[in-house]
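Reader: I should be grateful for a close look at a single part of this model. Please describe how its elements pack and pair, and how its side chains are placed.

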Amino acid sequence: MGMVSLGCPKNLVDSERILTKLRSDGYAMSPDYAGADVVLVNTCGFLDSAKEESLEAIGEAIAENGRVIVTGCMGKEAEVIRARFPNVLAVTGAHQYEEVVGAVHDAAPMPPSPFVNLVPDAGLKLTPRHYSYLKISEGCNHRCSFCIIPALRGDLVSRRPDAILREAEKLVEAGTKELLVISQDTSAYGVDIRKEPRAWKGGEVVPHMTDLARELGKIAPWVRLHYVYPYPHVDQVIPLMAEGLILPYLDIPFQHASPSVLRSMKRPANEAKVLERLRKWREIAPDLTIRSTFVVGFPGETEEDFEYLLQWLDEAQLDRVGAFRFEPVEGAAANDLPGAVPEEVKEERYARIMEKTAAISAAKLQAKVGRTLEVIIDEVGEEGGATGRSQADAPEIDGEVFLRDAGHLSQGDIVMVEIEDADEHDLYGVPLAG
């Protein structure tokens, strides 16, 4: 059994769940095409570029192996996949675990054996041992004009809080030091099951982001929140950061700041209130890191809208920023909006926002030189160096901390580091003795 997993961390969690079930059914995992009886491709279907990458991966798997099952977000477009690759064995949609596993059983039947289905309690992981993604819900209730996630994954369905906490305990017992909480909309966790508290540790846990974060903070050394929409109740999470229960880090997908663009995106246009709340959050938790993503070149975006965004970023002083040029997504309402922005204008605006945010990041990181920060070790080199991340850095998407004189450390260690230097995105330092 082989697997190719594409797309976001939510897809990665789906892949881990599928592999865990298949391993418990007795299937062995192959690291290459040649050793696999069947190859599973978990696709991403959010942007046209991601769809093309998924189709290329399917084509490579067919060319290298020939026996391919397709799952994931692009499973909604089975006819497109079958038209291009008529030999695929099966196509299923996102988080359709039973259908995927059933397709594998049909393609490569496994004789039952009580001796081959041993699986770690925490399941199989596709991330390093010391950090794990923890998915708390599926789907989304928003209807942003540029997004087709609800069409791909449906409306919000929250997991039981006690099930999430049990999974977190198993992951930590298996070596996880950092839990990365993910969903389409973490702030909305529990709105569909809000009146269903569950028994936990002699008491009850309510299905709400704040209660869940508090309990997770008692389980894992580091808990990091992703995809947090700035609803009013997010204010209740900041004191948990000040207490050290969860990391002072919020991944908030602002997407834009101009009220007119936010209205076109069908997102709340309360940017002034957000700036005020950011100031209050930082008063409570001074080391709070805010990361976000923005779309440039959205239909109807004027030069005035874009300048408004740049000025907003000057005020907001976000720590980590990613930007995307607007790209039409098949099935998204935004495709029909007037005022398409020319590609050369998108490129020019993209360059300007990245220059602006890089300068903010560089100044923020320079201010950390001379400080002592807690760092989790991701990799130890052969010549005494090591690479890690501070509490301000999520894996794969943020910066890193490069260490000297660190050969005695191990992956997953959490150590105190004196920061000696910085550039636009990364820090450099030395671990403190002891």
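Author: **Helix H6 and its surroundings**

In this predicted model, Ala 163 counts as partly exposed because its relative accessibility is 23%, and the partly exposed class lies between the cut-offs of 20% and 50%. Ala 163 has its place in helix H6. Between the C-alpha atoms of Ala 163 and Ala 394 the distance is 24 Å, with a sequence separation of 231 residues.

Helix H6, which spans residues 161–173, packs with helix H7, residues 209–217, at an angle of about 25 degrees, and the two axes lie 10 Å apart. H6 and H7 are therefore roughly parallel to each other, since angles under 35 degrees are placed in that class. The crossing of these two helices is right-handed. On the H6 side, the contact is made by Pro 161, Ile 164, Leu 165 and Ala 168, while H7 contributes Leu 212, Glu 215 and Leu 216. Sorted by class, the contact of H6 with H7 has six nonpolar residues and one charged residue, with no polar ones.

Attention now turns to the strands. Strand E8, residues 178–182, is joined to E11 by four bridges, and the two strands run parallel. Within this pairing, Val 181 has Leu 225 of E11 as its bridge partner. In a regular strand, side chains alternate between the two faces of the sheet. In strand E11, residues 222–225, Trp 222 and Arg 224 point one way and Val 223 and Leu 225 the other way. All of these E11 residues are buried, Arg 224 among them.

Definitions and conventions:
Residues numbered from 1 in each chain as written. Predicted model: local features only at pLDDT ≥ 70, side-chain atom pairs only at ≥ 80, totals over all residues. Heavy atoms only, no water. Axes fitted to C-alpha atoms, helices over the stretch in contact; angles between N-to-C directions. Parallel < 35°, antiparallel > 145°, perpendicular 65-115°, else oblique. Left-handed = near helix turned anticlockwise from the far one by under 90°. Contact = heavy atoms within 4.5 Å. Nonpolar A, V, L, I, M, F, W, Y, C, P; charged D, E, K, R; others polar. Buried < 20%, exposed > 50% of the residue type's maximum accessible area, 1.4 Å probe, protein only. Pairing = 2+ DSSP bridges.
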